[in-house]
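Colleague: Could you take me slowly through the empty space inside this protein, beginning with the cavity and then moving on to its surroundings?

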Amino acid sequence: MAPSKHLNDLLYETMKDIYFAEKQILNALLKMADAAQSPDLKAAFETHRGQTEDHVQRLEQAFELIGKPAEQKTCNAILGIIAEGKEVMAEFEGTDALDPGLLAGAQAVEHYEISRYGTMVTWAKTLGLEEVAELLAQTLDEEEETDQLLSEIAETTVNAAAA
């Protein structure tokens, strides 16, 4: 019979998953910033890379608060999203469509992160882990702000330039 699993186990496994994802995103953002043609998009990727470093640190704090090691668990979802982004960079390099493609890939990453962090905040609150919930909510807020910024860049400059 399988050992009993609880919500705190699920929270920990999900934290390991997003910890892996954040570390992968750090590398991807470097490549995306280098590839971006729009100064606004390049700046957004560079700014978000700095925030992502903070996200990694907050996750490490959250692991400490729950008394578990900060371990990574392979996140196939983020690997797939990043692979799609690499395909766009290769296929559309040097074209007007590159930046909209990069932006769409970045938003796919943000939406994945928003989903994960939103869920983890709810679980942490349910488990009475208020400090953990606050750390995760801070990151969730930043992910939502980045998604909004990317939408603004898409709507005001990048998409129109590619049309």
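Modeller: The largest cavity holds about 90 Å³ of space, and I should say early that this is a predicted model. By the rule applied here, the count comes to one cavity of 30 Å³ or more. Its lining is made up of Ile-25, Leu-29, Met-32, Ala-44, Phe-45, His-48, Ala-106, Val-109, Glu-110, Thr-146 and Leu-150, and if you sort these by class you find eight nonpolar, two polar and one charged residues. Helices H1, H2, H4 and H5 each supply at least two residues of that lining.

Now turn to the largest nonpolar core, which has 46 residues, and in which Phe-45, Ile-78 and Leu-102 touch the most other members. The elements that give two or more residues to this core are H1 (7–35), H2 (39–66), H3 (76–92), H4 (98–126) and H5 (130–162), with H1 providing the largest share, 13 residues. Phe-45, one of the residues that line the cavity, is thus also among the core members with the most partners. Ile-78, setting aside its neighbours within four places in sequence, is in contact with Phe-20, Ala-21, Gln-24, Ile-25, Val-109 and Tyr-112, and of these Ile-25 and Val-109 also line the cavity.

The largest pocket, finally, contains about 210 Å³ of space. Among its 16 lining residues, Ala-28, Met-32, Ile-82, Lys-86 and Met-89 lie nearest its centre, while Met-32 belongs to the cavity lining as well. H3 gives the most to the pocket lining, with six residues, and by class this lining has nine nonpolar, five polar and two charged residues.

Key: Residues are numbered from 1 along each chain as its sequence is written. This is a predicted model: local features need pLDDT of at least 70, side-chain atom pairs count only at pLDDT 80 or more; totals for chains, interfaces and linings use all residues. Side-chain values use heavy atoms; hydrogens and water are left out. A nonpolar core is a set of buried Ala, Val, Leu, Ile, Met, Phe, Trp, Tyr and Cys residues joined through side-chain atoms within 4.5 Å. Buried means under 20% relative accessible area, exposed over 50%, partly exposed in between (1.4 Å probe, protein chains only). Helices (H or I, at least four residues) and strands (E, at least two) are DSSP runs, numbered from the N terminus. Contact means heavy atoms within 4.5 Å. On a 1 Å grid over the protein atoms alone, a cavity is a set of points where a 1.4 Å probe fits but cannot get out, and a pocket is an open set with protein on both sides within 12 Å along at least five of seven lines; lining residues have an atom within 4 Å of a point. Grid points are joined across faces, edges and corners, and a volume is the space filled by probe spheres set on the points. Ala, Val, Leu, Ile, Met, Phe, Trp, Tyr, Cys and Pro count as nonpolar, Asp, Glu, Lys and Arg as charged, and the others, Gly among them, as polar.
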